[in-house]
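Here is a short, friendly walk through one protein model, with a look at its ligand, its hollow spaces and one surface residue. Please have the viewer open as you read.

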Amino acid sequence: MEPLFEKLKKEGKANPQRLVLPESMEERNMTAANLMLAEGTGKITLIGKKDDILAKAKELNLSNIGKARFVDNENSNETEKYAQLFYELRKNKGVTIEDARKKVKNPLYLGCLLVKAGEADGMVSGAIHATSDVLRPAFQILKTAPGVNSVSGAFIMVLPEDKAKVYGEKGMLVFADCAVMPDPTKEELAQTAILTAKTAKELAGITPRVAMLSFSTKGSAQHDKVTKIVNATAKAKAIDPTLNIDGELQADAAIVEAVAELKAQGSPVAGKATVLVFPNLEVGNIAYKLVQRLGGATAVGPILQGLAAPVNDLSRGCNADEIYKTLLITSNQAINRDK
Ligand code: ACO
């Protein structure tokens, strides 16, 4: 296992967090939950009928599932208080109590409500749901952390050995936004920069040096899209003057020392960036997939940053090991939230 996850495992064991896996009857989720329960690296809540889940666990030889907490989304005696909570949270948006009672049958909504009610510290879902299905209940119920308006999705890119010697820090770079905002404003980009620096520091354990990427370096091109990145950089710096950030930078100027010398002399970030902030979701999503596929990096994420409590999304093609690792990431975010 990568050193990053060994670190997270230790943290989880020392301070086990209560994590919800709402897609509970799904074999990969059950396998990941079983491992975490066996190790004691986290406490798991599964949503659904306890008897059905335990019968399936028996079939799959997953002997630790019995240690989980179970909440039955079809049992209105159990769910009524969460329906009331959802109604209170959303009545100003036109939600009625009847709507709320229907909504809590959806395990992804109920999972977020358990977190909101303080009965869980975080949630992981998306093995059988699209990203937007995971994001919407999190946005509606948990909302953003204090001082944050926009949630973004980061990836920790763990580089192959040869590249690790040259780029990033400890063999890692953090990319964002690769998952959430199709067309961010300059304010949203600034917030993505600040949140991704935090993810780099707290989760990856690396020094954040944030490059705001563009097709231009330090005025080499003039365009509204370039001005937007310059303004976003200034905005981030104004919000957090301690942030080590620079932009606009091209990708090579951001990560290659020799190019930085030519194009961005004196920059505190150019040539040694550890955090790359992309101008929009198209670029971010395409870039991380190309670095993963063509560059041989392992892409850890998307890690949702900026929510009031951690919720993380899975790829539908994920395996049990990836779910387990996402649980460890969510646990780290919950621990850091409490600090
Ligand atoms: N941060 C915080 N809150 C947000 C954000 C955000 N970035 N975006 C929307 N919201 C909130 C809104 O304020 C609103 O809250 P309210 O209902 O309390 O007023 C709520 O979420 C719903 O907002 P809408 O604008 O109605 O949401 P919409 O349904 O249009 O979509 C969504 C939001 C789901 C996040 C959308 O932006 C989306 O689908 N993004 C792309 C996701 C995706 O497909 N990513 C690529 C794949 S992931 C991968 O490959 C790793």
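What follows covers the ligand surroundings, then the pocket and the cavity, and finally a single lysine. Please keep in mind that this is a predicted model.

**Around the ligand**

Let us begin with the bound molecule. The ligand is surrounded by 20 residues, and the closest are Arg 90, Lys 93, Arg 136, Val 151 and Ala 179. Three side chains that bring a polar atom to a ligand oxygen are set out below.

| Residue | Ligand atom | Distance to a polar side-chain atom |
|---|---|---|
| Arg 90 | oxygen | 2.8 Å |
| Arg 136 | oxygen | 2.8 Å |
| Lys 143 | oxygen | 2.9 Å |

Arg 90 and Arg 136 thus appear both in the list of closest residues and in the table, Arg 90 at 2.8 Å and Arg 136 at 2.8 Å.

**The largest pocket**

Now to the open space. The largest pocket holds about 650 Å³. Its lining is made up of 29 residues, and Phe 155, Tyr 288, Ala 299, Gly 301 and Ser 315 are the closest to the pocket centre. Helix α13 (281-293), strand β10 (298-305) and helix α14 (320-338) are the elements that contribute two or more residues to this lining. Sorted by class, the lining of the largest pocket comprises 12 nonpolar, nine polar and eight charged residues.

**The cavity**

How many cavities of 30 Å³ or more does a search of the whole structure find? There is one, and the largest cavity contains about 30 Å³ of space. Its walls are formed by Gly 301, Pro 302, Ile 303, Asn 312, Asp 313, Thr 326 and Ile 329. At least two lining residues come from each of β10, β11 (311-313) and α14, with β10 giving the largest share, three residues. By class, the cavity lining has three nonpolar residues, three polar and one charged.

Gly 301 is worth finding in the viewer: this residue is among the closest to the centre of the largest pocket, and Gly 301 also lines the largest cavity.

**A look at Lys 201**

Our last stop is in helix α9 (residues 186-204), where Lys 201 is found. Is Lys 201 buried or exposed? Lys 201 counts as exposed because its relative accessible area is 58%, and the cut-off for that class is over 50%. Beyond its neighbours within four places in sequence, Lys 201 is in contact with Ile 206 and Pro 208. Asn 64 lies 137 residues from Lys 201 in sequence, and the two C-alpha atoms are 33 Å apart in space.

Definitions and conventions: Residues are numbered from 1 along each chain as its sequence is written. This is a predicted model: local features need pLDDT of at least 70, side-chain atom pairs count only at pLDDT 80 or more; totals for chains, interfaces and linings use all residues. Side-chain values use heavy atoms; hydrogens and water are left out. On a 1 Å grid over the protein atoms alone, a cavity is a set of points where a 1.4 Å probe fits but cannot get out, and a pocket is an open set with protein on both sides within 12 Å along at least five of seven lines; lining residues have an atom within 4 Å of a point. Grid points are joined across faces, edges and corners, and a volume is the space filled by probe spheres set on the points. Helices (H or I, at least four residues) and strands (E, at least two) are DSSP runs, numbered from the N terminus. Ala, Val, Leu, Ile, Met, Phe, Trp, Tyr, Cys and Pro count as nonpolar, Asp, Glu, Lys and Arg as charged, and the others, Gly among them, as polar. Buried means under 20% relative accessible area, exposed over 50%, partly exposed in between (1.4 Å probe, protein chains only). Contact means heavy atoms within 4.5 Å. A residue is near a molecule or strand if one of its heavy atoms lies within 4 Å of it. A polar contact is a pair of N or O atoms within 3.5 Å; within protein, one must be able to donate a hydrogen and the other to accept it, and residues adjacent in sequence count only if both atoms are side-chain atoms.
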